[in-house]
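The exercises below deal with charged and nonpolar side chains in one structure. Each task is followed by a solution in steps.

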Amino acid sequence: MSDWFSWSNLFYLIGIMLAGGLSLVASKYTTIVKEMKEVAKVLEEAYEDGELSKKEKEAVMKEVLDVVKSVINLKWK
C-alpha cells in the first residue's frame, strides 16, 4: 500500500487535476481568447508602417469592443 502513496504519485495527481481544471477554464473562455487574437492581429497590421492612422485606430477599438462584448456575454449567461 505504501507504493501507492508516494510523493511522485502525489505530484502526478496534482498535475492531472491542474491540467483538467485548466482545460475546463480554457473551454469556457475560447471566445475571449479568439477575440484577443484578433486584436493582436489588427494591432500587428496597424503598426507595420510604424504609426497608426485614424482608420487603424478605429479598427483596433472595434476589436477591443468585441473582446469586452464577449466578456460581458460570458458573465451574463
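## Exercise 1: a buried acid

Glu35 lies in helix α2. The coordinates are those of a predicted model.

Task: determine which side chain of opposite charge is nearest to Glu35, and decide whether Glu35 has a salt bridge or none.

Solution.
1. The nearest side chain of opposite charge is that of Lys34, 4.7 Å away.
2. A salt bridge requires a side-chain nitrogen of Lys or Arg within 4 Å of a carboxyl oxygen of Asp or Glu.
3. Glu35 therefore has no salt bridge, although Glu35 is buried.
4. Neighbours within four places in sequence are set aside for the contact list, and Glu35 then touches Glu63, Asp66, Val67 and Ser70.

## Exercise 2: the partner in helix α3

Task: state where Ser70 is placed, classify Ser70 as buried or exposed, and list what Ser70 is in contact with beyond four places in sequence.

Solution.
1. Ser70 belongs to helix α3.
2. Its relative accessibility is 10%. The limit for buried is under 20%, so Ser70 counts as buried.
3. With neighbours within four places left out, the contacts of Ser70 are Thr31, Ile32 and Glu35.

## Exercise 3: the salt bridges

Task: count the salt bridges and find which residues are joined into one network.

Solution.
1. As a general point, side chains of opposite charge can pair when their charged atoms come close.
2. With the 4 Å rule, the count is 2 salt bridges.
3. One of them pairs Glu63 with Lys62, with 3.9 Å between the closest N and O atoms.
4. Glu63 has 11% relative accessibility and so counts as buried.
5. Lys62, at 46% relative accessibility, counts as partly exposed.
6. Lys62 also forms a salt bridge with Asp66, where the closest N and O atoms are 3.1 Å apart.
7. Lys62 and Asp66 are separated by about one helical turn because they are 4 residues apart in helix α3 (residues 54–76).
8. Through shared partners, the salt bridges link Lys62, Glu63 and Asp66 into one network.

## Exercise 4: the negative patch

Task: name the residues that form the negative surface patch, and classify Glu44 and Glu51 by accessibility.

Solution.
1. The negative surface patch consists of Glu44, Glu45, Glu48, Asp49 and Glu51.
2. Glu44 is part of helix α2, and at 57% relative accessibility Glu44 counts as exposed.
3. Glu51 sits in the loop between α2 (30–46) and α3. With 57% relative accessibility, Glu51 counts as exposed.
4. For a distance across the model, take Glu44 and Ser27: they are 17 residues apart in sequence, and their C-alpha atoms are 26 Å apart in space.

## Exercise 5: the nonpolar patch

Task: name the residues of the nonpolar surface patch and give their accessible area together. Then classify Val68 by accessibility.

Solution.
1. Met61, Val64, Val68, Ile72 and Trp76 make up the nonpolar patch on the surface.
2. Together they have about 530 Å² of accessible area.
3. Val68 is placed in helix α3.
4. At 40% relative accessibility, Val68 counts as partly exposed.

Definitions and conventions
Residues are numbered from 1 along each chain as its sequence is written. This is a predicted model: local features need pLDDT of at least 70, side-chain atom pairs count only at pLDDT 80 or more; totals for chains, interfaces and linings use all residues. Side-chain values use heavy atoms; hydrogens and water are left out. Buried means under 20% relative accessible area, exposed over 50%, partly exposed in between (1.4 Å probe, protein chains only). Helices (H or I, at least four residues) and strands (E, at least two) are DSSP runs, numbered from the N terminus. Patches are made of residues with over 30% relative accessible area and no salt bridge: like charges are joined within 9 Å, nonpolar side chains (Val, Leu, Ile, Met, Phe, Trp, Tyr) within 5 Å. Accessible areas come from the Shrake-Rupley method with a 1.4 Å probe; for residues, only the protein chains shown count as cover. Lys and Arg count as positive and Asp and Glu as negative; His and the chain ends are not counted. The place of a charge is taken as NZ of Lys, CZ of Arg, CG of Asp or CD of Glu. Contact means heavy atoms within 4.5 Å.
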